[in-house]
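User: Could you take a close look at one part of this model for me, namely the charged side chains that pair with one another? I would like a connected account rather than a list.

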Amino acid sequence: VGLSADEDRYQAGQCLAQGRAIHLAEVEVRSITGLSLVMLQSFLPVMEPAGRCVGVIESFRDMSSEARIHQAYKKLLAMHKARQEDLERKVTERTQQLTLALREVTRLSRIDPLTGLLNRRSFQEFAEQAFSMVGRHGRCLALLMGDLDDFKRLNDAHGHQAGDTIL
């Protein structure tokens, strides 16, 4: 494969005109036996003592093993990136699940699941805040409380399902 003859002449001419080396990395070359090699093709100036470029040496260095290592490294990087993205996706999903669970636990710790009303502790906190606000702003507050006498006897006599229905 390599460079065409015209490309070779052009690169050699550039090296001769500029008096500096030109390196073309990863040029694929096929050997006589058909083996594919990755080569570093270089055009090196031949300088006379006065500093004038009088010729060009074209050299090839086999970089096949370095190219294979480079490809393996790129593959490992791609695998690492895919794993990192997968882990980030899983962390995001788990964070969302935990946030929802925390909201539900918080709700259940404040609300009676049967009636949907505030539980005793939450009601007391709410009532304290309401009384405090009424005191600060000089407003009135009405509080209505209900109590079911002998509710335990109702549950014992008719079962908890009947008591839940009444609640």
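Analyst: A good place to begin is R89, which counts as partly exposed at a relative accessibility of 40%. The model is a predicted one, and the distances and accessibilities given here are to be read with that in mind.

R89 has a salt bridge to D86, in which the side chains come to 2.4 Å, N to O. Both R89 and D86 belong to helix α2, which covers residues 64–110, and the two are three residues apart, or about one turn of the helix. D86 is itself partly exposed, its relative accessible area being 28%.

R89 also forms a salt bridge with E93, and here the closest N and O atoms are 2.8 Å apart. Because R89 and E93 are four residues apart in helix α2, about one helical turn separates them. E93 has a relative accessibility of 37%, so this residue too counts as partly exposed. Since a relative accessible area between 20% and 50% is what makes a residue partly exposed, the values of 40% for R89, 28% for D86 and 37% for E93 are placed in that class.

These two contacts belong to a wider arrangement, as a network of salt bridges links D86, R89, K90 and E93. In general terms, side chains of opposite charge can pair when their charged atoms come close.

For a pair outside this network, one may turn to R52 and E48, whose side chains meet in a salt bridge at 3.2 Å, N to O. The two partners fall into separate classes of accessibility: R52 is exposed because its relative accessible area of 52% is over the 50% cut-off, whereas E48, with a relative accessible area of 27%, is partly exposed. The structure as a whole holds 11 salt bridges, among them the R52 and E48 pair, the R89 and D86 pair and the R89 and E93 pair.

As for the strands, β1 (residues 22–30) and β2 (residues 36–47) run antiparallel and are joined by seven bridges. One residue of interest there is R30, whose bridge partner in β2 is S36. Five residues lie between the strands of this hairpin, in which G34 adopts a positive phi near 95°.

Conventions: Residues numbered from 1 in each chain as written. Predicted model: local features only at pLDDT ≥ 70, side-chain atom pairs only at ≥ 80, totals over all residues. Heavy atoms only, no water. Salt bridge = Lys/Arg side-chain N within 4 Å of Asp/Glu carboxyl O. Buried < 20%, exposed > 50% of the residue type's maximum accessible area, 1.4 Å probe, protein only. Pairing = 2+ DSSP bridges.
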